[in-house]
Amino acid sequence: LKARGFEAEAGPMTMMPREAQAVVHYRDRWAWDFKDHMTSLEITVQDVRREAEVARASFVGPASLTVVPLEVVERLVGDLLKAQPKVVEVPVPGGL
């Protein structure tokens with residue numbers, strides 16, 4: 001994200017800056033066949049204020065030694081930035 005011009009920090013949720021707008025979670029899976037290689041990666045973006053998921057991108061591939069993890073991450077981040085955010089309607093008290 002920093003390479004694409006966004007402010008981004010990593011660390012425990014308890015240290016999240018007050019001005020943070022989103023939290024990015026990832027889940028990766030690896031296999032070993034004479035060397036480690038990524039078999040899947042899922043990245044989700046969550047709106048901090050609404051605690052709701054706004055975007056998701058994933059890769060699931062065969063246990064291939066030809067998958068370059070950095071290329072997968074770059075593709076998924078690109079997909080997330082192109083994605084239309086999920087909009088959740090929040091009812092307004094009093095029915096404005």
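Buried means under 20% relative accessible area, exposed means over 50%, and partly exposed is what falls in between, using a 1.4 Å probe and protein chains only. By that yardstick Glu 42, at 22%, is partly exposed.

This is a predicted model, where local features need pLDDT of at least 70, side-chain atom pairs count only at pLDDT 80 or more, and totals for chains, interfaces and linings use all residues. Residues are numbered from 1 along each chain as its sequence is written, and side-chain values use heavy atoms, with hydrogens and water left out.

**Exercise 1. Lay out the fold and its confidence.**

Step 1: Start with the elements, where helices (H or I, at least four residues) and strands (E, at least two) are DSSP runs numbered from the N terminus. The protein chain has 1 helix and 3 strands, running β-β-β-α along the sequence.

Step 2: Check the pLDDT, the predictor's confidence in each residue from 0 to 100. The chain averages 81, with 83% of its residues at 70 or more. Confidence is lowest in helix α1 (residues 69-82), with a mean of 88, and highest in β1, at 90.

Step 3: Add the burial figure: of the 96 residues in the chain, 27% are buried.

**Exercise 2. Work out the salt-bridge network.**

Step 1: Fix the criterion: a salt bridge is a side-chain nitrogen of Lys or Arg within 4 Å of a carboxyl oxygen of Asp or Glu. How many salt bridges does the structure hold? There are 3.

Step 2: Take Arg 56 and Glu 42, whose closest N and O atoms sit 2.7 Å apart. This pair links distant parts of the chain, with Arg 56 in strand β3 (residues 52-60) and Glu 42 in strand β2, 14 residues apart.

Step 3: Now add Glu 53, which pairs with Arg 56 at 2.4 Å between the closest N and O atoms. Put together, Glu 42, Glu 53 and Arg 56 make up a network of salt bridges.

Step 4: Look at exposure. Arg 56 has 42% relative accessibility, so it counts as partly exposed; Glu 53, at 25%, is partly exposed too.

**Exercise 3. Find what the side chain of Asp 47 is doing.**

Step 1: Locate the residue: Asp 47 is in strand β2 (residues 36-47).

Step 2: List its polar contacts (N or O atom pairs within 3.5 Å; within protein, one atom must be able to donate a hydrogen and the other to accept it, and residues adjacent in sequence count only if both atoms are side-chain atoms). The Asp 47 side chain has a polar atom 2.8 Å from the backbone nitrogen of Arg 49, and also reaches the backbone nitrogen of Arg 50 at 2.9 Å.

Step 3: Bring in the Arg 50 side chain, which meets that of Asp 47 in a salt bridge at 3.6 Å, N to O.

Step 4: Finish with contacts, meaning heavy atoms within 4.5 Å. Leaving out residues up to four places away in sequence, Asp 47 touches Gln 21, Ala 52 and Val 54.

**Exercise 4. Place Val 24 among its neighbours.**

Step 1: Val 24 belongs to strand β1 (residues 22-32), and is partly exposed at 41% relative accessibility.

Step 2: Which residues does Val 24 touch, not counting those up to four places away in sequence? They are Leu 1, Ile 43, Thr 44 and Val 45.

Step 3: Compare chain and space: Val 24 and Gln 46 are 22 residues apart along the chain, yet their C-alpha atoms are separated by 6.4 Å.
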